[in-house]
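Welcome to my notebook. I wrote down each thing I looked up, in the order I looked.

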Amino acid sequence: MNNFIFENTTKVYFGKGCVKEYLSSLSNEYGNTVMLAYGGGSIKKNGIYHEVTEILKKAGKTIVEFPGIMINPTYDKVLEGAKLARKNHVDLLLGIGGGSVMDCCKAISIASRYDGDVWADFWARPGIFEFDPLPLGVIVTAAGTGSECNGGAVITNEELKIKTGRDYPKCNPKFALLDPVYTYSVPKNQMVSGSFDILSHIMETYFSEPDENNVSDDIAEALMRNVIRNLRAAIQNPEDYTARSNLMWDATMAENRIIKLGKRTDFACHQMEHQIGAYIDCNHGAGLAVLHPVYYRHICQAGKTKFARFATEVWGIPAEGKSQSELAEAGVDALAAFIKEIGLPTTLRELGVTEQTDLKKIADSCIIVPGSYKKITHEEILEIFKECF
Ligand code: NZQ
Ligand code: ZN
């Protein structure tokens, strides 16, 4: 394995009733003013908003509301939140939602404590911290990104047409409250796209060197099997507590840095999806579902040993009678069949890309990462996009 340093500073409270049990005492570790940040209003329909505000009011907190964080949060929204936090001398930022809310809050936690150009100094290039970001706590309502346990924040700069992320350990939430019951109301399309995002995070790590005997790959296989099994169960019964619990913890495990230790990681599909998202504002997990099988057909022969292992260990495909190349292809076929089975889109067209969309411009704007088993070029990204169309 490669060398690594591991630290994760987020304290996780997991399970049914955890918000009722812990939020009051957790919020008392900070000052009096709490900024409540959330999305488009799902928390008002499912009762989470009521539960949280009652707890905070009883704890004597002053609540500053910051609603309306959109999917694919924008840099403008970050600046709006930072202005509000400064104006009200907020002591604790409390994000309630999925990845979009959590990411926006992390960026606000920087922007509310930094006087310079936040985009230029923290997103366009890696930032330098000579200050502590505003403390952040999160209450997760949708499983997927794993943002609750890392410092990653993916932000869209609409003006520059760039959607990009940075992972700053200083932005790890101070605490994360994970109640699987809170995810019961997530609509099916979001539940499957969030779950596919989990699978994608694991695959983008698994299909990268080093490949020799290492614990990360073994954990990754167990996690992938767990996501597949529990997503099938949650589709059958959205209120299956065991299934929802597993999916929620799978999401955290995929992105809390543990499986990345010692691995190079790929994240080529994420780079491509982020740029498609920057142009057409699509759902993140759905975009990944369209791209993954096509990208993997481009690279699976270059990494056929690992793709063959994926076929047998994750999908249970028997190796007998198949060459390694055939087995590798069978693994990608199984992934593509699963995407259809769970009802995710399989073409860019379904995401909103049209004949008028300038796919070349999007392909050229993608960041080329070190790559999995084959380094792709901007020309090959365009080919992938055309095949996905
Ligand atoms: O906005 P509301 O009304 O709350 O509705 C949301 C939103 O429409 C809804 N939702 C969430 N919890 C719900 C619920 N609806 C009913 N009941 C609930 N309990 O779900 C919709 C999608 O929410 P969103 O937060 O956008 O989804 P997700 O968690 O998939 O986050 C996606 C964002 O995270 C970024 C993505 O690029 C995208 O911008 N990512 C962040 C990462 C990180 N920080 O580590 C890594 C990822 O790879 C990803 O890039
Ligand atoms: Zn993702």
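Is Lys360 buried, partly exposed or exposed? I found Lys360 partly exposed, with a relative accessible area of 48%. (Buried means under 20% relative accessible area, exposed over 50% and partly exposed in between, with a 1.4 Å probe and protein chains only.)

**Ground rules**

I am reading a predicted model, in which local features need pLDDT of at least 70, side-chain atom pairs count only at pLDDT 80 or more, and totals for chains, interfaces and linings use all residues. Residues are numbered from 1 along each chain as its sequence is written, chains are lettered from A and ligands numbered from 1 in the order in which they are written, and side-chain values use heavy atoms, with hydrogens and water left out.

**Entry: salt bridges**

I noted 19 salt bridges in the structure. (Each is a side-chain nitrogen of Lys or Arg within 4 Å of a carboxyl oxygen of Asp or Glu.) Lys360 pairs with Asp364, with the closest N and O atoms 2.7 Å apart. The two are four residues apart in helix H15, so about one helical turn separates them. (Helices are DSSP runs of H or I, at least four residues, and strands are runs of E, at least two, numbered from the N terminus.) Asp364 is partly exposed too, at 39%.

Next I looked up Asp217 and Lys263, whose closest N and O atoms are 2.9 Å apart. Asp217 lies in helix H8 and Lys263 in the loop between helix H9 and H10, so this pair ties together parts 46 residues apart in sequence. I found Asp217 buried at 1% and Lys263 buried at 8%. Both belong to a salt-bridge network with Asp211 and Lys306.

**Entry: the zinc ion**

Which residues are the protein donors of the zinc ion (ligand 2)? I listed Asp197 (OD), His201 (NE2), His270 (NE2) and His284 (NE2), lying 2.0 to 2.2 Å from the ion. (Donors are N, O and S atoms within 2.8 Å of the metal, or 3.2 Å for Na, K and Ca; water is not among the atoms, so sites may look incomplete.) Asp197 in helix H7 and His270 in helix H10 are 73 residues apart, linking distant parts of the chain. Asp197 is buried, at 3%, and His270 is buried, at 5%.

**Entry: ligand 1**

I met His270 again here: one of its polar side-chain atoms lies 2.9 Å from an oxygen atom of ligand 1. Asn72 has a polar side-chain atom 3.4 Å from an oxygen atom of ligand 1. For Gln190, the side-chain N or O atom is 3.3 Å from a ligand 1 oxygen. (A polar contact is a pair of N or O atoms within 3.5 Å.)

Note on methods. Polar contact = N/O pair within 3.5 Å; in protein donor to acceptor, adjacent residues only side chain to side chain.
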